[in-house]
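Grab the model and work through these exercises at your own pace. Each one sets a task and then walks through the solution.

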Amino acid sequence: MTLDQYRSLASRILRPFVRLSVRLNLTPDGISVAAFALAVLAAGAFYRAGPGPDWWYGVGALLVLLNGMLDLLDGAVARELDTDSPAGDLLDHVLDRYADIVILAGLAAGIEQYALGFAAVTGVLMTSYLGTQTEAVGLERQYGGLLGRADRLALVCLTGGISVVVPVVADVSVVAWLLGLFAVVGHLTALQRFLGAWRDLQ
């Protein structure tokens with residue numbers, strides 16, 4: 001499972017928004033900052049929702065969806081304006097990682113599962129780290145694996161939507177199931193990327 005393979009399709013869908021952003025004189029860096037702000041708001045909504053059924057989960061899911069859209073839009077606008085640069089790429093990746101952290105922290109704090117949240121955050125960060133580290137050693141940047149960022153955001157949105165009405169499955173919070181999935185699959189994806197890069201470097 002990885003939605004990153006549909007990046008070209010997403011780029012075509014975003015074309016009208018790219019043109020609108022250019023007409024409004026929005027900058028790629030400004031869009032990146034706005035995307036991060038939405039992630040912070042989403043984290044707050046998830047924290048506010050807590051362990052029970054709550055419409056705040058729906059709010060958080062919508063904000064995460066918007067965060068993902070803006071995360072695609074900033075790069076597309078940079079390419080449209082021919083202003084893509086290493087500095088912009090750095091800012092985008094740093095803010096994406098912080099967005100991942102705050103979203104998962106908000107989910108974990110909302111259900112008071114801090115250890116599980118820590119495991120999920122480290123899994124996600126290692127996945128992202130291995131994706132860019134392969135580029136640092138001369139290989140192509142890795143987006144694939146068991147769960148890419150697009151997959152994670154989609155699952156957070158889905159979980160948020162479900163938690164509005166069904167917060168618990170098999171006596172375990174739906175959010176806890178999600179965090180557990182990110183913890184296990186995140187580290188497996190990081191390992192998968194590491195082994196793939198290791199083989200390519202031999």
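Start with the accessibility scale: a residue is buried under 20% relative accessible area, exposed over 50%, and partly exposed in between, using a 1.4 Å probe and protein chains only. This is a predicted model, in which local features need pLDDT of at least 70, side-chain atom pairs count only at pLDDT 80 or more, and totals for chains, interfaces and linings use all residues. Residues are numbered from 1 along each chain as its sequence is written, and side-chain values use heavy atoms, with hydrogens and water left out.

**Exercise 1. Place N25 and D82, and classify N25 as buried or exposed.**

Step 1: find N25 in the loop between α1 (7-23) and α2; helices here are DSSP runs (H or I, at least four residues), numbered from the N terminus.
Step 2: N25 has 67% relative accessibility, so it counts as exposed.
Step 3: check the backbone. N25 isn't a glycine, yet its phi is positive, at about 60°.
Step 4: now go to D82, in the loop between α3 and α4. D82 also counts as exposed, at 65%, and its phi is positive too, near 55°, again in a residue other than glycine.

**Exercise 2. Describe how α4 packs on α5.**

Step 1: two packed helices are described by the angle between their axes and the distance between the axes. The axes are lines fitted to C-alpha atoms, for helices over the stretch in contact, and angles run from 0 to 180 degrees between N-to-C directions.
Step 2: for α4 (residues 86-111) and α5 (residues 114-136), the angle is about 160° and the axes are 9 Å apart. So α4 is roughly antiparallel to α5 (under 35 degrees is roughly parallel, over 145 roughly antiparallel, 65 to 115 roughly perpendicular, the rest oblique).
Step 3: list who meets whom, with contact meaning heavy atoms within 4.5 Å. The α4 side includes H93, R97, D100 and L104, and the α5 side includes Y114, V121, V124 and S128.

**Exercise 3. Is D100 buried or exposed, and what does D100 touch?**

Step 1: D100 lies in helix α4.
Step 2: its relative accessible area is 6%, so D100 is buried.
Step 3: skipping residues up to four places away in sequence, D100 touches V124, S128, R149 and R152.

**Exercise 4. Do the same for N67, in helix α3.**

Step 1: N67 is buried, with a relative accessible area of 1%.
Step 2: leaving aside neighbours within four places in sequence, its contacts include F36, A39, A99 and R149.
Step 3: pick out A39. N67 and A39 are 28 residues apart in sequence, but their C-alphas are 6.1 Å apart in space.

**Exercise 5. Which residues touch the most other members of the largest nonpolar core?**

Step 1: a nonpolar core is a set of buried Ala, Val, Leu, Ile, Met, Phe, Trp, Tyr and Cys residues joined through side-chain atoms within 4.5 Å.
Step 2: the largest one has 29 residues, and L107 and F182 touch the most other members. The elements giving two or more residues to this core are α2 (28-49), α3 (55-81), α4, α5, α6 (149-163) and α7 (174-201).
Step 3: zoom in on L107. Not counting residues up to four places away in sequence, L107 touches F46, V156, V175, L178 and L179.
Step 4: another core, of six residues, lies apart from the largest one, with L14, V18, I31 and V77 among its members.
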